[in-house]
Amino acid sequence: MSNTETKEATYKPTSPNSKLDFESVWEYAPAPQDSDFAEVKDRYELFIGGKFVKPSKGRYFKSTNPATEEEITEFAEATQKDIDKAVKAARKAYEGEWSRISAKERGKYIYRIARMLQERAREFAVLESMDGGKPIRESRDVDIPLVAAYFFYYAGWADKLEYAFPGKKPEPYGVCGQIIPWNFPLLMLAWKIAPALATGNTVVLKPAETTSLTALKFAELVKDCGLPDGVINIVTGAGQTGAEIVNHQDIDKIAFTGSTNVGKIIQKSLAGTDKKYTLELGGKGALVIFEDAPIDQAVEGIINAIYFNQGHVCCAGSRLLVQEGVADKVIQKLKDRLGTLIVGDPLDKNTDVGAINSKEQFETVNKYLELGVEEGADIYQAKCSIPENGYFIRPTLFTNVSQSNRVVQEEIFGPILTVQTFRTADEGIDKANNTPYGLANGVWTDKGSKIFKVGSKMRSGVVWANTYNKFDPTSPFGGYKESGVGREGGMHGLAAYIRN
Amino acid sequence: MAEQRIDVKKTYKMYIGGDFPRSESGRTYKAFDSDGNLLANACQGSRKDFRDAVKIARGAFGGWSSRSAYNRGQILYRIAEMMEDRRDQFMRELGPIGFKAAEAEADINAAIDRLIYYAGWTDKYQQVFGSINPVASSHFNFSMLEPTGVVAAFAPEKSPLLGLVSVIAPIIAGGNTCVILASEEFPLPSISFAEVLNSSDVPEGVVNILTGSREELAEHFSTHMDVNAMCYTDDLPKGMKKMIDENASLNVKRIIKRPVKDWYSEEAQTPYFVTDFQETKTTWHPVGY
């Protein structure tokens, strides 16, 4: 016995039982991303009809950096008159120049956007991290490259639509109203605008009120690309502004990404109209780890599934379901891994987990932390240090939870993972499916046939096998059940913008 | 009075493995303008040149075919960008061989747009033409397209730029590598296009361009045992056509005949020109706990 202990005391990388002690041995020097070159104006106006215009009521709202709680800039609040103006501009562009140019030339405009985004990628990445709190490593390596890739992919579809819709003549809807969330600000913009433009629509898009910066920067880029006026209109504001878009008479289609609650309100608002809609809503993804899974790979997958982007991911794997035989091992390895995560300055290149997006969301996540404990769960948090200012939350595990606990059933949208166990595959699948959501799930096993069997029984729009949180413009994404209607991405994503 | 400047004429060589070598045979033939004046001496590629090119194309196949579709798309787009930048060079080359200014302009525009068209297909043809097959047993069964391999092609004789680009683009968009015999009568634009390829991000050996005689090379193109497919778009002489078909049977070469009369027309660009150079691979995988 003492023999084993002696061995454990000295780190041996080859020993399966040893682990790296990051806290005492390793210290990371700061690795700040330079941000001086990214210009931020004091104030941003609305982008309507190819021009930056003041809001009709003259009201502006502040935007803060969630990592420092400092104000960055302010945005115009669009009200009914402004929305009407934006819709008119979009309608004019739709009936005018945008419909007249050939699909091929339309595609070339979208390619231009993609290329210019690639050129200015780092600038957008820095601004995304400043405004939204996500680690620069994510905005630099995931968000912005994907943004360019989505535009590039859909640009190519513009003159090939007849191949995506056999037996039908693909026609655009007209003017699309698009409302996007704050978790992947520019990426969600790309998911909305790229397919809408490729199919020949024009858009009025509203970014989230806490993360409008890159959308307005994007508007500047659109101008630089020389797109016809009014094809893309960007209006800023909060929920009321969104409602004005949803209820506008001359909008043909609504595309919304956000919470299930708001999605339901939108669906209800559209009742009795002929407006089309696609909704990409919340989720409560399960990570089903079987005993025959590659455990270390699974642990990495879990970390990526729930702590990526501070857990602000609609498809986050927020429920771990682990088969009993390996539960202790997985949980222990997970706790060890949690100890190595670096929480802090989003603009530091070493940071793994950045700031919670807003004060409001910070309070929501904290409320769930309390709720989980009240419901009887055991809480485990990483012991890392976090900055004094800003909205930071330590990566958290809840063990000893049951299926009916609110922290298991409700979408928290933060770095919180609940842990349950299961014995048989059927039990694991039942638990995975037992929420109102159906956006994404993960399965870990080394047995291929099990992946397909389990995958086929999961009631979700995405199944990730031995991986998680992977996105690609060619791959459709969207939910079953209360996680939404319609798909974005891939060939299927075109259908959301084509008359049926 | 200032001395009259003597301009420097370009030597036109071939394009093999990212280099511009002369023919190993040392032979050239004369390329003329439409008035019968000498434009340049073009290399007259030999059997050995072709064999060298195939070997290089085969070597490049593994790397090129395993590039992501997105990456191939961006590289095709990059070719278009570089070509846009060299419009003047192509204008200068097309003019003397009978293109009026407007025609040359249209030819260059169409060639650039064609590259963009196929750039867009790189990550889409798989989605349109691949399939998930609902087999009756407990198997997950899917069919995907994979590039055929090394393609040898005769570029169109009468469309030395647009036709050439229209043949190369779908072949490489699908992950194949190729050896192209340029228009015999108008070989020069093909070498300028090779310069475009060489200054874009196309890996060396993916596209190899020979100049020379069809009559001489048809046999070697069609008999080579490491060429997987051969393509031509012109109406070939009956005897040559039969010989190519027969020789193809030596190693079951795919013969792609896609007659195109008008390279500006809709028939000149199609995803089926990509799938012509694809194999279908079907994978069976059991489903069960």
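1. Strand β17 of chain A, residues 462-465, has two unlike faces. Val462(A) and Trp464(A) make up the covered face, while Val463(A) and Ala465(A) lie on the uncovered one. In a regular strand, side chains alternate between the two faces of the sheet. This is a predicted model, so every point below describes a prediction. The partner of β17(A) is strand β16 of chain A, residues 440-444; the two run parallel and are joined by 4 bridges. Within this pairing, Gly442(A) stands opposite Trp464(A). Trp464(A) also belongs to the covered face.

2. Chain A has an open sheet of 3 strands. Its order is β1-β5-β4, and the pairing is mixed. The edges are β1 (43-44) and β4 (60-65) of chain A, each of which pairs on one side only. β1(A) runs parallel to strand β5 of chain A, residues 70-76, with 2 bridges between them. Opposite Arg43(A), in β5(A), stands Glu74(A).

3. Chain B also has an open sheet, with 3 strands in the order β3-β4-β10 and antiparallel pairing. Here the edge strands are β3 (131-132) and β10 (278-286) of chain B, each pairing on one side only. β3(B) is joined to strand β4 of chain B, residues 139-147, by 2 bridges in the antiparallel sense. Ile132(B) has Phe142(B) in β4(B) as its bridge partner.

4. A helix from the other chain lies on this chain B sheet. Helix α18 of chain A, residues 448-457, lies across β4 and β10 of chain B. The angle of α18(A) to β10(B) is about 85°.

5. Chain B has a hairpin as well. Strands β1 (residues 28-32) and β2 (residues 38-43) of chain B pair in the antiparallel sense over 5 bridges. Tyr29(B) stands opposite Ala42(B) in β2(B). There are 5 residues between the strands, and Gly36(B) takes a positive phi near 85° in this hairpin.

6. A helix pair joins the chains. Which helices? The axes of helix α5 of chain A (residues 103-119) and helix α4 of chain B (residues 101-121) come within 11 Å and cross at roughly 70°. Angles of 65 to 115 degrees count as roughly perpendicular, and α5(A) and α4(B) are therefore roughly perpendicular to each other. From α5(A), the contact uses Lys104(A), Glu105(A), Lys108(A) and Tyr111(A); from α4(B), it uses Asp113(B), Ile116(B), Ala119(B) and Gly120(B). By class, this contact has 3 nonpolar, 1 polar and 4 charged residues.

7. Within chain A, helix α6 (residues 121-132) packs on helix α10 (residues 213-224). Their axes are 9 Å apart, at an angle of about 155°. Angles over 145 degrees count as roughly antiparallel, and α6(A) and α10(A) are therefore described that way. On the α6(A) side are Glu123(A), Phe124(A), Leu127(A), Glu128(A) and Asp131(A); they meet Leu213(A), Thr214(A), Lys217(A), Phe218(A) and Leu221(A) in α10(A). The class count is 5 nonpolar, 1 polar and 4 charged residues.

8. How far should the 22 residues of helix α7(A) span at 1.5 Å a residue? The expected figure for α7 (residues 136-157) of chain A is 32 Å, and its end C-alpha atoms are 31 Å apart, which agrees. As for burial, 17 of the 22 residues of α7(A) are buried, so the helix is largely enclosed by the rest of the structure.

9. Is Leu347(A) buried or exposed? Leu347(A) is found in the loop between α14 (324-338) and α15 (359-374) of chain A. Its relative accessible area is 13%, so Leu347(A) is buried, the cut-off being under 20%. Leu347(A) and Pro30(A) are 317 residues apart in sequence, but 9.9 Å apart in space, C-alpha to C-alpha. Beyond its neighbours within four places in sequence, Leu347(A) is in contact with residues including Ala31(A), Pro32(A), Val126(A), Met130(A) and Ile136(A).

10. A second loop residue of chain A is Phe165(A). Phe165(A) lies between α8 (161-164) and β6 (175-179). Phe165(A) is buried, with a relative accessible area of 11%. Phe165(A) and Met491(A) are 326 residues apart in sequence and 9.3 Å apart in space, C-alpha to C-alpha. Leaving aside neighbours within four places in sequence, Phe165(A) is in contact with Pro170(A), Leu494(A), Ala495(A) and Ile498(A).

How values were computed: Residues are numbered from 1 along each chain as its sequence is written. Chains are lettered from A and ligands numbered from 1 in the order in which they are written. This is a predicted model: local features need pLDDT of at least 70, side-chain atom pairs count only at pLDDT 80 or more; totals for chains, interfaces and linings use all residues. Side-chain values use heavy atoms; hydrogens and water are left out. Axes are lines fitted to C-alpha atoms, for helices over the stretch in contact, and angles run from 0 to 180 degrees between N-to-C directions. Angles under 35 degrees count as roughly parallel, over 145 as roughly antiparallel, 65 to 115 as roughly perpendicular and the rest as oblique. Contact means heavy atoms within 4.5 Å. Ala, Val, Leu, Ile, Met, Phe, Trp, Tyr, Cys and Pro count as nonpolar, Asp, Glu, Lys and Arg as charged, and the others, Gly among them, as polar. Two strands pair if DSSP finds at least two bridges between them. The expected span of a helix is 1.5 Å times one less than its number of residues. Buried means under 20% relative accessible area, exposed over 50%, partly exposed in between (1.4 Å probe, protein chains only).
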